[in-house]
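Let's take a guided walk through this model, starting from a single pair of residues and working outward.

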Amino acid sequence: MGAKVVVSFEGSILNEVDLEKPVTVVGRHPACDIVLDHPAISARHMLLRIVDRTVYAEDLASTNGTRVNGHAVNHQVVHHLDLIEVGNHKLHFFDEALLATGGVGSLEDTVLTDYERTMVAMHAAPAAAAARPASGNGRRDDDLSRTMVIARDPTIRFESVQTDTAGAPSAKHLALRVTAGDRRGELIPLEKPNTMIGTVGIDTAVVVRRAGGYFLARLAGSRPLRLNRRELAPGAHPLALRDEVEVGELRFEVIANEGHA
């Protein structure tokens, strides 16, 4: 399908991105497909996934969350003219087939005038913090984990997030041990804000480390992500000690990271 997002910040358009890949990752890390270099954005904040002709927005256990049309979401179908908010940035979603019918005016006018006024009427957005440019190319993953927390606007409407926090993981340092696959026996410390696991180009997932613990989310691949032999729904799911994770042909066991006291 022909879909794109127009990224804006404080009323100015930053760039326009065609969604040509099955998965488009949005975040502050330089490896993301859409890089938003702002302290309110998590290293890997959210992703846009295309399944057949449907586009889904999925939050990756980000610090400040992801909103679609003012609602906090974990996994949400997005439609033409929907507004996705990450930190203080806005991603305006467009279906190019509908744009071609003349249903809206120019892309820039749609982003900065009528549609912006509609969203402002829904809720009064807090003043956005000024973007701070990167201080160089030597940033480490630890720096990317220091996300600025945005104060919640009480007028914003929130939907229940699909992440199951009843068994929320502790902040204890964890690692993964490969128990099946061609890398059997390998130990993977979960020390970074985001740890990619699986086989690149086939089946991949990400383990997100936050102050509240560790969370697992599927990135790409044809086979479902499994936790304790159960197929996972889209979104981020908490990890706990002794959990079993299956990503394609690889299987992992969650263990304590003995390298940390």
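**From one residue pair to a sheet and a cavity**

Begin at Arg67, which sits opposite Ala72 of strand S8. Please keep in mind along the way that this is a predicted model. The two residues belong to a short stretch of pairing: strand S7, residues 66-68, runs antiparallel to S8, and three bridges link them. As background, the strands of a sheet pair through backbone hydrogen bonds, in either a parallel or an antiparallel way.

Now zoom out from that pair. S7 and S8 are part of an open sheet of six strands, which follow the order S2-S1-S11-S10-S7-S8 with antiparallel pairing. Which strands form the edges of this sheet? They are strand S2 (12-18) and strand S8 (71-73), each of which pairs on one side only. From one strand to the next, the twist averages 30 degrees.

Next, let's turn to empty space. Rolling a probe the size of a water molecule over the atoms reveals where such space remains. How many cavities of 30 Å³ or more does the structure hold? There is one, and the volume of the largest cavity is about 30 Å³.

Its walls are worth selecting in your viewer. The lining of the largest cavity consists of Asp203, Thr204, Arg218, Ala220, Arg223, Leu225, Glu246, Val247 and Gly248. Strands S15 (203-210), S16 (213-220) and S20 (244-247) are the elements that each contribute two or more residues to this lining. Sorted by class, the lining of the largest cavity includes four charged residues, three nonpolar and two polar.

Definitions and conventions:
Residues are numbered from 1 along each chain as its sequence is written. This is a predicted model: local features need pLDDT of at least 70, side-chain atom pairs count only at pLDDT 80 or more; totals for chains, interfaces and linings use all residues. Side-chain values use heavy atoms; hydrogens and water are left out. On a 1 Å grid over the protein atoms alone, a cavity is a set of points where a 1.4 Å probe fits but cannot get out, and a pocket is an open set with protein on both sides within 12 Å along at least five of seven lines; lining residues have an atom within 4 Å of a point. Grid points are joined across faces, edges and corners, and a volume is the space filled by probe spheres set on the points. Helices (H or I, at least four residues) and strands (E, at least two) are DSSP runs, numbered from the N terminus. Ala, Val, Leu, Ile, Met, Phe, Trp, Tyr, Cys and Pro count as nonpolar, Asp, Glu, Lys and Arg as charged, and the others, Gly among them, as polar. Two strands pair if DSSP finds at least two bridges between them. Axes are lines fitted to C-alpha atoms, for helices over the stretch in contact, and angles run from 0 to 180 degrees between N-to-C directions.
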